[in-house]
Amino acid sequence: MEGTTWGSGTGLDRIRQLLAAAELDRTAPYDVLGLRFAAAEKGRVEFAWTPGAGVLNRGGVVHGGYISAALDEAGGVAAISLSEPATPFLTMSLNVDFLRPLLPGLSYAVVGTVLQSGRLRTLVHSTITDDLGRLCAQGAAALTPNRKLLESLSGDAG
């Protein structure tokens, strides 16, 4: 596929390119979780999520690990959207608050927003809301750019 790759262009260009090619939705965690891209702009991304039976715990609600993964992905992609050149990010810490149970078959919005972007550390806030706009879960994360990957792609790894 021609176009923006890691280490070239902007992160937002890379996200939009993958969206146009429908490649992002076919990778984990999108395929496993059922996340679908809804919108992307600099510093903010939104996913639509309708959890299926495969992500439920024994109590019949969405497992907290999957909720955490969805929040982490939204925050990570929001961080990527600000990167120049396009750079993947690694999660350094993630704190999640579970406020309402998520139920299978219902629709949720998962939004990631960058709070502060720095050279070594980016802070993000992610939320999951139901179709009534009620907050169901939120996450705060610190991320760092994966410079080692960029170095290995450019042949500068040491």
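**Exercises on core, sheet and loop**

In this predicted model, the largest nonpolar core has 32 residues, and those with the most contacts inside it are Leu35, Phe47, Trp49, Ile67, Leu102, Val110 and Ile128. The largest share of this core, eight residues, is contributed by helix 3.

**Exercise 1.** Determine which residues isoleucine 67 touches, leaving aside residues up to four places away in sequence.

*Solution.* Begin with the core, where Ile67 is among the residues with the most contacts. Then list the partners of isoleucine 67, which are Trp49, Val62, Phe98, Leu102, Ile128 and Ala137. As a general background, nonpolar side chains in soluble globular proteins tend to be buried together.

**Exercise 2.** Work out which strands stand at the edges of the sheet, and why one side of each is left without a neighbour.

*Solution.* First write down the order of the open sheet of six strands, which is 1-2-4-5-6-3 with antiparallel pairing. Strand 1 (35–41) and strand 3 each have a single partner strand and stand at the edges, so one side of each lacks a neighbour in the sheet. On average, neighbouring strands of this sheet are turned by 20° against each other, direction ignored. Finally, look at strand 1 and strand 2 (residues 44–49), which pair in the antiparallel sense over six bridges; arginine 36 stands opposite alanine 48 in strand 2.

**Exercise 3.** Decide whether threonine 87 is buried or exposed, and describe its surroundings.

*Solution.* Locate threonine 87 in the loop between helix 3 (64–81) and strand 3 (89–98). Its relative accessible area is 7%, and buried means under 20%, so threonine 87 is buried. The side chain of threonine 87 reaches the backbone oxygen of proline 85 at 2.6 Å. Not counting residues up to four places away in sequence, threonine 87 touches Trp6, Ile80, Pro145, Asn146 and Leu150.

Terms used
Residues are numbered from 1 along each chain as its sequence is written. This is a predicted model: local features need pLDDT of at least 70, side-chain atom pairs count only at pLDDT 80 or more; totals for chains, interfaces and linings use all residues. Side-chain values use heavy atoms; hydrogens and water are left out. Helices (H or I, at least four residues) and strands (E, at least two) are DSSP runs, numbered from the N terminus. Buried means under 20% relative accessible area, exposed over 50%, partly exposed in between (1.4 Å probe, protein chains only). A polar contact is a pair of N or O atoms within 3.5 Å; within protein, one must be able to donate a hydrogen and the other to accept it, and residues adjacent in sequence count only if both atoms are side-chain atoms. Contact means heavy atoms within 4.5 Å. A nonpolar core is a set of buried Ala, Val, Leu, Ile, Met, Phe, Trp, Tyr and Cys residues joined through side-chain atoms within 4.5 Å. Two strands pair if DSSP finds at least two bridges between them. Axes are lines fitted to C-alpha atoms, for helices over the stretch in contact, and angles run from 0 to 180 degrees between N-to-C directions.
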